[in-house]
Amino acid sequence: MEARHPGTHLPSGYVPQYPPAALQGPPEHTGRSTVQTNYQVSHSAYPGPQAGYAVSPAGCEGYYATQFHNKNNQSIVLVNTQWMPAPPPLLNCPPGLEYLNQIDQILVHQQVELLEVLTGFETNNKFEIKNSLGQMVYVAVEDTDCCTRNCCEAARPFTMRILDNVGREVMTLERPLRCSSCCFPCCLQEIEIQAPPGVPIGYVIQTWHPCLPKLTLQNERKEDVLKIVGPCVACTCCSDIDFEIKSLDEVSRIGKITKEWSGCMKEAFTDSDNFGIQFPLDLDVKMKAVSLGACFLLDYMFFEGCE
């Protein structure tokens with residue numbers, strides 16, 4: 001049989017088996033993917049990463065080796081970390097707090113600072129904030145100058161910046177300098193929770209008691225909403241410590257903040273602490289954020305200087 005065209009080896013009369021026209025692409029189809037130019041991207045209320053912080057993520061499928069740098073050249077490194085998927089925006093919810101709407105438990109893990117362990121020199125604390133699945137939700141970084149940290153120690157005033165996975169500051173915690181003595185019911189401990197930064201959404205105020213730690217959780221109008229009541233911390237050792245979140249009359253139990261026992265070696269030689277926070281799933285996201293602020297206040301009040 002002769003070839004139909006010179007240079008080919010197809011038999012004469014051969015008909016190429018192309019797919020039906022209904023399965024073929026448009027006439028301009030070239031077999032290469034093109035860029036869609038009319039794609040609409042929805043932008044969030046965030047202008048971008050927080051000024052002074054740089055984020056370097058790398059990885060896939062939600063796992064990253066992420067490094068945060070702030071303006072003081074301090075860094076926090078998270079290796080092989082899975083971040084919680086970003087939820088859609090919610091009405092009447094401060095930007096960045098949508099994560100809290102989907103969870104009823106928070107795990108707060110403080111990073112161990114090697115310099116602090118070896119020298120006793122107080123450094124800025126850094127915390128990983130996770131959900132019950134171990135997925136990262138936020139990163140908290142203390143922003144306090146060296147003199148304040150080492151002179152005032154656990155009683156120091158501080159600014160705690162809470163960042164999401166792209167370095168956006170979604171919450172700011174402000175703790176002023178207050179009296180740390182239980183003998184004087186004045187100048188008691190407090191912390192202000194802001195979300196977004198600069199907009200207060202709640203407060204945590206210490207309630208004076210000669211023996212027991214008591215805190216009051218307030219909304220943005222400084223109205224009392226919930227209470228926190230703990231045990232006599234000085235009498236508790238080698239076990240978890242529960243601070244119960246209760247109704248204002250202290251009858252109904254709403255949730256709890258637990259200081260988890262980390263073992264003799266870690267408790268003795270570091271001030272790196274682990275906490276768990278439980279609250280109802282349908283609790284207002286602002287009060288969940290205030291509960292997180294209460295956790296940090298409790299840490300500095302009772303556990304920061306325990307090494």
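Helices and strands here are DSSP runs, counted from the N terminus: a helix needs at least four residues, a strand at least two. The model is a predicted one, so take the exercises below as a tour of a prediction.

**Exercise 1. Get the overall picture**

Find out how many helices and strands the protein has, and what share of its residues is buried.

Solution. Start with the count of elements: there are four helices and 16 strands. Next, look at burial. Of the 307 residues, 41% count as buried. Finally, check how far the contacts reach along the chain. Taking contacts between residues at least 6 apart in sequence, 42% join residues at least 24 apart.

**Exercise 2. Trace the barrel**

Work out which strands make up the closed barrel, and in what sense they pair.

Solution. Begin at S5 and walk from strand to strand up to S16: the closed barrel has twelve strands, and the pairing is antiparallel. From one strand to the next, the twist averages 20 degrees. As a reminder, strands of a sheet pair through backbone hydrogen bonds, either parallel or antiparallel.

Now zoom in on a few of the pairings:

- S9 (residues 169–175) pairs with S10 over three bridges, in the antiparallel sense, and Glu174 faces Glu192 of S10.
- S10 and S11 are antiparallel too, with five bridges; here Ile191 is opposite Val204 of S11.
- S12 (residues 214–219) and S13 (residues 224–229) run antiparallel and share five bridges. Lys214 has Val229 in S13 as its bridge partner.

**Exercise 3. Explore one hairpin**

Describe what lies between S10 and S11, then look at Gln206 in S11.

Solution. First, the turn: S10 and S11 form a hairpin with five residues between them, and Gly198 in that turn has a positive phi of about 95 degrees. Pro196 also sits in the loop between S10 (190–194) and S11. The peptide bond joining Ala195 and Pro196 is cis, with omega at about -5 degrees.

Then move on to Gln206, which belongs to strand S11 (residues 200–207). Its relative accessible area is 19%, and buried means under 20%, so Gln206 counts as buried. What does Gln206 touch, leaving aside neighbours within four places in sequence? The list is Leu188, Gln189, Lys214, Leu215 and Met301.

**Exercise 4. Spot the unusual backbone angles**

Locate Asn92 and Glu250, and say for each whether the residue is buried, partly exposed or exposed.

Solution. Keep the general rule in mind: most residues other than glycine have a negative phi, and most peptide bonds are trans.

Asn92 isn't a glycine, yet its phi is positive, about 60 degrees. This residue lies in the loop between S4 and S5. With a relative accessibility of 78%, Asn92 is exposed.

Glu250 isn't a glycine either, and it has a positive phi of about 60 degrees. Look for Glu250 in the loop between S14 (241–246) and S15 (253–260). Its relative accessible area is 30%, so Glu250 is partly exposed.

**Exercise 5. Hunt for rings**

Count the aromatic pairs, and decide whether Tyr99 and Tyr138 are stacked or edge-to-face.

Solution. Searching the whole structure turns up seven aromatic pairs. For Tyr99 and Tyr138, the ring centres are 5.7 Å apart and the planes stand at 75 degrees. Angles over 60 degrees count as edge-to-face, so that is the label for this pair. The two tyrosines link distant parts of the chain, being 39 residues apart: Tyr99 is in the loop between S4 (75–82) and S5 (105–110), while Tyr138 is in S7 (residues 136–143). Both ends are tucked away: Tyr99 is buried at 8% relative accessible area, and Tyr138 is buried at 0%.

Elsewhere, Phe243, Phe275, Phe302 and Phe303 make up one aromatic cluster. Lys259 lies over the face of Phe303, 5.4 Å from the ring centre. In another spot, the charged end of Lys222 sits over the ring of Tyr203, at 4.8 Å from its centre.

**Exercise 6. Check the cysteines**

Work out how many disulfides there are, and whether Cys93 and Cys295 are buried or exposed.

Solution. A disulfide is a covalent bond between the sulfur atoms of two cysteines. With a cut-off of 2.5 Å between cysteine sulfur atoms, the count is zero. As for burial, Cys93 is buried, with a relative accessible area of 12%, and Cys295 is buried at 1%.

Methods
Residues numbered from 1 in each chain as written. Predicted model: local features only at pLDDT ≥ 70, side-chain atom pairs only at ≥ 80, totals over all residues. Heavy atoms only, no water. Buried < 20%, exposed > 50% of the residue type's maximum accessible area, 1.4 Å probe, protein only. Phe/Tyr/Trp six-rings, centres within 6.5 Å; stacked < 30°, edge-to-face > 60°. Lys NZ or Arg CZ within 6 Å of the ring centre and 35° of its normal. Pairing = 2+ DSSP bridges. Axes fitted to C-alpha atoms, helices over the stretch in contact; angles between N-to-C directions. Contact = heavy atoms within 4.5 Å.
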